[in-house]
Amino acid sequence: MNTRLTSWIILSVSLFVLVLEAKTIDPYKVLGVERNAGQREIQKAFHKLSLQYHPDKNKNKGAQEKFAEINNAYDILSDEEKRKNYDMYGDEKGSPGFDAGHPGDNGRYTYFTSGGGPGHDQFTFRPDEWQSMGGQGGSKSFSFSFGGSRGPDSFGFGMDDIFSNFFGGGNTKGGSRFGGFSGSTRSQSSPRSPPKSIRTINSQVLEKEIADQGITWLLLSYTPTLKGNQHIESIIEEVSSSLQGALKVGSINCETELSFCKDLSIYPRRGPRVFVYSYIPSEKGSLVEYNDDLAVKNLKSFCQEHLPRFSKRVNLNHFEFPSSTTEKLPRVMLLSTKKDTPIIWRVLSGLYHKRFIFYDAEVHDVTDPTVRKLGVEALPAIVGWLSNGEKHVLKTGISVKDLKSAVDDLSMLLDGFEKKNKKAGARKAQTNTAEKQIPLLTGSNFDALCGESTPVCIIGAFRSSRGREKLESILSMVSQKSLSRRQKSAFGSRDSVSYTLMDATKQSAFLNAFDNAGFKSADILLVAYKPRKRKFAAFVGETTTEEVERFISSVLNGDIQFKETRQKPVVK
């Protein structure tokens with residue numbers, strides 16, 4: 001008996017050494033499969049290699065070592081929990097979990113001795129059990145298999161069972177059923193709920209938190225009995241971690257949410273399915289299925305592609321800067337050296353797409369005249385305009401630590417600017433109740449508005465309905481803002497300056513009195529006219545509230561040079 005026991009231990013130790021060596025090899029490389037390989041492909045590769053290197057056909061040591069590698073590689077990749085842990089913590093050279101067994105399998109190793117595959121001849125053991133050979137109640141699991149499959153004559157036993165069967169007595173719990181030592185100890189994947197980090201989704205969550213909310217979601221549809229759930233969940237978690245702040249993840253159990261899955265046409269067929277709630281096909285958002293290789297890099301790229309794109313890419317040289325309009329939403333623009341809209345800005349454009357109008361522009365450096373004109377001194381920068389046209393440089397020289405912190409910081413910035421816009425809107429509403437409409441200059445009201453009794457007449461000439469709307473809004477606002485300045489101006493009373501609009505397409509003769517070409521190249525024109533002296537000053541620059549107010553203030557304060565008219569202006 002001692003001889004037989006010694007033989008058993010020597011054989012087991014030898015195979016144990018082979019197994020430990022096999023554990024240091026990348027299982028994907030051993031079987032020659034890709035990391036996103038399905039179970040069918042893995043099983044096919046395993047059977048092919050196990051037949052090629054089977055000990056019954058190859059007696060040399062190298063073939064036996066290779067056979068051990070193949071079996072242990074299959075043991076990991078055919079088990080969802082083991083595969084997940086290897087993918088999460090391992091690399092091409094192996095991993096701690098791969099080297100030392102996996103807790104989900106109680107730290108056991110499996111070695112197939114013939115036939116190959118689960119259910120065939122195998123033995124499993126724990127590396128830490130070789131020195132734990134006695135003591136009732138302290139025995140540890142140790143099992144062998146040399147024939148047969150699971151059934152009535154299969155069993156697993158502890159070290160106490162070995163000594164009981166060989167020497168009599170001891171613990172006989174479980175009975176002595178010799179007929180082939182068995183008991184495959186590969187952990188069996190049982191249905192389980194998704195990890196806590198993955199949100200459970202139902203129709204109410206979809207309606208309230210996902211649909212048309214401006215943020216991209218990565219969703220898994222599954223049933224608990226499907227193979228591959230855990231592997232896909234680990235990939236989704238890794239993608240979610242790398243895009244934290246830009247992406248949310250969720251899972252839909254189509255076994256409990258059957259009608260919901262069928263209504264959305266997302267019921268999993270042969271395996272779990274992955275979808276992205278995307279804003280690319282439609283601004284309201286829709287589900288787009290991912291059908292590429294299930295690898296972290298590929299899925300991450302797919303998610304990035306489907307992040308919101310609510311920011312309008314513009315060219316600063318041809319961009320018409322916002323002025324006071326009927327638009328109630330504030331506007332923000334990102335200036336950066338990026339050739340495409342940065343991911344952070346795309347994420348923000350989704351989160352705030354109903355609260356802001358987003359723009360972004362590529363600029364080379366701060367020496368660009370258009371950049372300097374905006375008052376930006378460092379890139380990247382964010383410039384904002386309130387709904388009244390008032391410009392603010394919100395942030396310059398933006399530095400990014402990571403995606404999530406950048407989204408959080410800039411969200412606080414936008415929230416603050418939104419509050420400022422609401423206050424400005426409230427002030428504008430109060431002003432609008434008191435202000436009068438800017439009149440259109442005609443022959444009948446010319447003397448009252450721009451006659452010799454008026455020291456200065458501010459005329460806003462337009463050639464389109466859009467130009468008229470813009471000028472009327474700006475002049476209405478500036479006429480109110482300028483009242484306090486007018487008190488201290490050279491023109492005395494608040495009635496010394498009048499504001500009026502003019503249709504340039506109908507009053508070309510009037511404009512010819514100021515300029516030979518009648519300012520035909522300008523869609524919008526401001527003229528400060530002194531009827532008594534027949535002198536004028538024209539403004540044809542960027543027509544924003546700030547610039548117009550600056551021009552009129554210079555006129556009122558006598559800081560601008562006037563020219564003589566070519567002839568007396570006459571309105572038809």
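**Exercise 1.** Which residue in S12 does leucine 335 stand opposite? Work this out in the predicted model, and then describe the sheet around the pair.

*Solution.* Begin with the pair itself: leucine 335 stands opposite alanine 361, which belongs to S12. Next, look at the two strands concerned, for S11 and strand S12 (residues 357–362) run parallel and are joined by six bridges. Then widen the view to the open sheet of five strands, in which the order is S10-S12-S11-S13-S14 and the pairing is mixed. At the edges of this sheet are strand S10 (311–313) and strand S14 (391–396), each of which pairs on one side only. Neighbouring strands here are turned against each other by 25 degrees on average, when direction is ignored. Finally, add the helix H12, which lies across S10, S11, S12 and strand S13 (381–385) and runs at about 165 degrees to S12.

**Exercise 2.** Find the largest nonpolar core, and state which element gives the most residues to this core.

*Solution.* The largest nonpolar core has 41 residues, and those with the most contacts inside it are Leu218, Leu299, Val332 and Leu348. Among the elements that give two or more residues to this core are strand S6 (216–222), helix H9 (229–242), strand S11 (331–336), helix H12 (343–351) and helix H14 (403–434). The most comes from H14, which gives seven residues. To see one member in its setting, take leucine 348: leaving aside its neighbours within four places in sequence, leucine 348 is in contact with Phe358, Val407, Leu410, Ser411 and Leu414. Apart from this core lies another, of 22 residues, among them Ile458, Leu471, Ala528 and Phe551. As a general background, nonpolar side chains tend to be buried together in soluble globular proteins.

**Exercise 3.** Why is strand S16 (residues 497–503) described as largely enclosed by the rest of the structure?

*Solution.* The first step is to count, and since seven of the seven residues of S16 are buried, the strand is largely enclosed by the rest of the structure. The second step is to separate the two faces, bearing in mind that side chains alternate between the two faces of the sheet in a regular strand. On one side of S16, Val497, Tyr499, Leu501 and Asp503 are buried, and on the other side Ser498, Thr500 and Met502 are buried as well, so that both faces are covered. The third step is to find a partner: strand S15 (residues 456–462) runs parallel to S16 and is joined to it by seven bridges. Within this pairing, isoleucine 458 stands opposite tyrosine 499.

**Exercise 4.** How many disulfides are there, and which cysteines are joined?

*Solution.* The count comes to two disulfides. One of them joins cysteine 254 to cysteine 261, with an S to S distance of 2.0 Å, and this link is left-handed, with -85 degrees about the S-S bond. Relative accessibility is 1% for cysteine 254, which therefore counts as buried, and cysteine 261 is buried too, with a relative accessible area of 0%. The other disulfide joins cysteine 450 to cysteine 457, at 1.8 Å from S to S, and both of these cysteines are buried. When the bonded cysteines are numbered in sequence order, the pairing reads 1-2, 3-4.

**Exercise 5.** What span does helix H19 (residues 545–556) reach, and what follows the helix?

*Solution.* Helix H19 has twelve residues and reaches 16 Å from its first C-alpha to its last, close to the 16 Å expected at 1.5 Å a residue. Its buried residues include Val548, Phe551, Ile552 and Leu556. After H19 comes glycine 558, whose phi is positive, near 70 degrees.

How values were computed: Residues numbered from 1 in each chain as written. Predicted model: local features only at pLDDT ≥ 70, side-chain atom pairs only at ≥ 80, totals over all residues. Heavy atoms only, no water. Buried < 20%, exposed > 50% of the residue type's maximum accessible area, 1.4 Å probe, protein only. Helix = DSSP H or I, 4+ residues; strand = E, 2+ residues; numbered from the N terminus. Pairing = 2+ DSSP bridges. Disulfide = S-S within 2.5 Å. Expected span 1.5 Å × (residues − 1). Core = buried A, V, L, I, M, F, W, Y, C linked by side-chain atoms within 4.5 Å. Contact = heavy atoms within 4.5 Å. Axes fitted to C-alpha atoms, helices over the stretch in contact; angles between N-to-C directions.
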